[in-house]
Amino acid sequence: MPRMSAMQAMGEAIAEEMRRDPRVVMFGEGVATKRRELVAEFGGARVRNTPLAEGIIAGTAAGAAATGLRPVIDLLFAPFICFSMEELVNSAGKLRYVSGGQFSFPLVAMAMTGCGWTVGAQHNQNIEAWFAHTPGIKVVMPSTPADFKGLMKSAIRDENPVMFFADMPLLHAEGDVPEGEHVVPIGKAAVCRRGTDVTLVAYAKMVPACAAAADTLAAEGISAEVIDLRSVKPWDEETVLESVRRTGRLVVVHEASRTCGVGAEVAATAAEKAFDRLRAPVVRITGPDAPAPSSWALEQAFVPQPTAIVESVRTLVVRQREGTAA
Amino acid sequence: MTDHDPRRSMLERMLLIRAFEEKNVALQSEGKAAGTCTSVGQEASAVGVVSALGPKDRILTNHRSAGHLLARGADPGRMMAEIAGRATGYCKGKSGTLHISVKDLGVILTSTIVGGELSLATGVALSLTLLGEDAIVACFFGDGAACEGIFHESVNLAAVWNLPILYVCENNQWQAYVPRRETMRIDHIADRASAYGIEGRTVDGNDVEAVHAAAAEAIESIRRTKRPFLLETYTYRLRGHFEPDDQSYVDPGELASWKARDPIPALRARLRAAGELADADFEAMERDARARIDAAAQFAASSPFPAPEEVTTDVYA
């Protein structure tokens, strides 16, 4: 299996889908400048630069999607999406419903997110929960190069608007990526590691953080199961609940701020549907309610670290064991 | 349009739109319909432009869309039903008065977000271009939308990408409750066209023949130059922003002067002067329009509401 970065895997997915379906087009700020290979293969009509104007990029994608094309747009950095909320939320997300199902909006909006590149608050904010809360839209946020490829292919083929958030520090990390028709379904989580004492649920960069925490915990005799949600909306309730019912403990980890975050949804679902199997309170480990800092040192303080995950799980399990002993 | 004199057809269509809007206003005042944004006074703009479009052309419009839809041939009954929230409406009752679209007629969008139609129009035109369809997009917006950033973004991108879009600014002098002169230094939005490297023109929006001729020329220019065109129809919103609206904030002199230029009596007078329309003909046309609209209202009122389960259908494809 070839090794490549997530960036390369996404590019491969887009090229394969453009080859497969002539209706797939790509545009955005610098898209044609940075993706010369796509321009060379598919031509300037299908791969286009745009002005630095996120609203019209997203609006153009919505109009094109409603009338027969399958646009992929690159909005660069997630906070820039503030300029295209109208088009994504009011148009792409609502107009299928409002039109009584006459139109659909098969488009993919890509953007980068996540600490680790010291780009600071106006280029870095985890806004996936905004869109999880928005009807008509799907949200994916992969953690491995293979999933970047497989989810991008699914996102392009989906008949609905899909937000594709790429966690920046993951983009250049290499991994094995299956060749050819590798499609990862939207809404299906991956169980990355089996365990019996606690379920760690995460997505994007917090998946490797949970995996590192699980290694440390294993050395202490605590067995952690690690689940990568991969899709934030729809998210895979079934896989998470099945795991929580087995382990009896749940820790949800994300870099986005806590209030009304994805972790709150996962925790509330576990409380509603697996309460009788929980042996400890559900815990959320999240970024703070603060804009993302630029300083490398502050970024590290902002992002949940494996040590915090280990500490939290240790407390949960030890308290439980001590409670049982008493 | 019927096969006789196109001017008579345009008059008939304008009367149908007027009757439709007045019926909605009446139903609203009786508490039988939700509030609505009418386009009373702007019928010449709607009929003049839409009658110049071909059957494959697409339309995107704004919250004052009834004229555009009816000019395109939409069924008044299904429109009334949509406004009344009935299952027989064009959008199964999920749109209401402010967001009606009719795919079969090429009406992609009625946007109630001011300027929303401007942001989607480029994408629709891109589809036409890349899928090889010989058609254009007509995008209707008001002077209010022309003060939004998305107006600049849309026209600029359409100019840069050579997209076949007829931008139709219906400058009706009111931006919700704000008079246009409080928000712009210039009188004519068409003056902005040169800033984007495209052609623009202002036409008397209350003269349906002038609007039709200007739109036809603009469309010819779009096909010839492969550039968008900014057409401004200078007109007036004779009723308030959102019914009910007593228009107490409107200068009575201004309102009276525009009422004197109502596009329907203007065309009637022109046809009468040419000996093409007897008073009895006009009265018969008015009666026919009202009868069609009464039947439409009856169809809407007797149509069922959507089933409660429909509240979550059509969210995802």
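Contact means heavy atoms within 4.5 Å. The exercises below use a predicted model, in which local features need pLDDT of at least 70, side-chain atom pairs count only at pLDDT 80 or more, and totals for chains, interfaces and linings use all residues. Residues are numbered from 1 along each chain as its sequence is written, chains are lettered from A and ligands numbered from 1 in the order in which they are written, and side-chain values use heavy atoms, without hydrogens and water.

**Exercise 1. Place A:M141 and list what it touches.**

Step 1. Find the element. A:M141 sits in the loop between β6 (138–140) and α8 (145–157) of chain A. Helices (H or I, at least four residues) and strands (E, at least two) are DSSP runs, numbered from the N terminus.

Step 2. Check the exposure. A:M141 has 1% relative accessibility, so it counts as buried. Buried means under 20% relative accessible area, exposed over 50%, partly exposed in between (1.4 Å probe, protein chains only).

Step 3. List the contacts. Leave out residues up to four places away in sequence; A:M141 then touches A:T113, A:N126, A:E128, A:F165, A:Y203, A:A204, A:R230 and A:V232.

**Exercise 2. Which parts of chain A does the salt bridge between A:K149 and A:E16 tie together?**

Step 1. Apply the cut-off. A salt bridge is a side-chain nitrogen of Lys or Arg within 4 Å of a carboxyl oxygen of Asp or Glu. For A:K149 and A:E16, the closest N and O atoms are 2.9 Å apart.

Step 2. Locate both ends. A:K149 lies in helix α8 and A:E16 in helix α1 (residues 6–20), so the pair ties together parts that are 133 residues apart in sequence.

Step 3. Check the exposure. Both A:K149 and A:E16 are buried.

**Exercise 3. Are A:R246 and A:E225 buried or partly exposed?**

Step 1. Find the link. The side chains of A:R246 and A:E225 form a salt bridge, 2.8 Å from N to O. A:R246 is in helix α10 (residues 237–247) of chain A, and A:E225 is in strand β11 (residues 224–228), 21 residues apart.

Step 2. Read each value. A:R246 is partly exposed, at 36% relative accessible area. A:E225 has 0% relative accessibility and counts as buried.

**Exercise 4. How far apart in chain B are B:E286 and B:R290?**

Step 1. Look at the helix. B:E286 and B:R290 are four residues apart in helix α10 (residues 279–301) of chain B, so about one helical turn separates them.

Step 2. Look at the side chains. They meet in a salt bridge of 3.8 Å, N to O.

Step 3. Add the exposure. B:E286 is partly exposed at 25%, and B:R290 is partly exposed at 45%.
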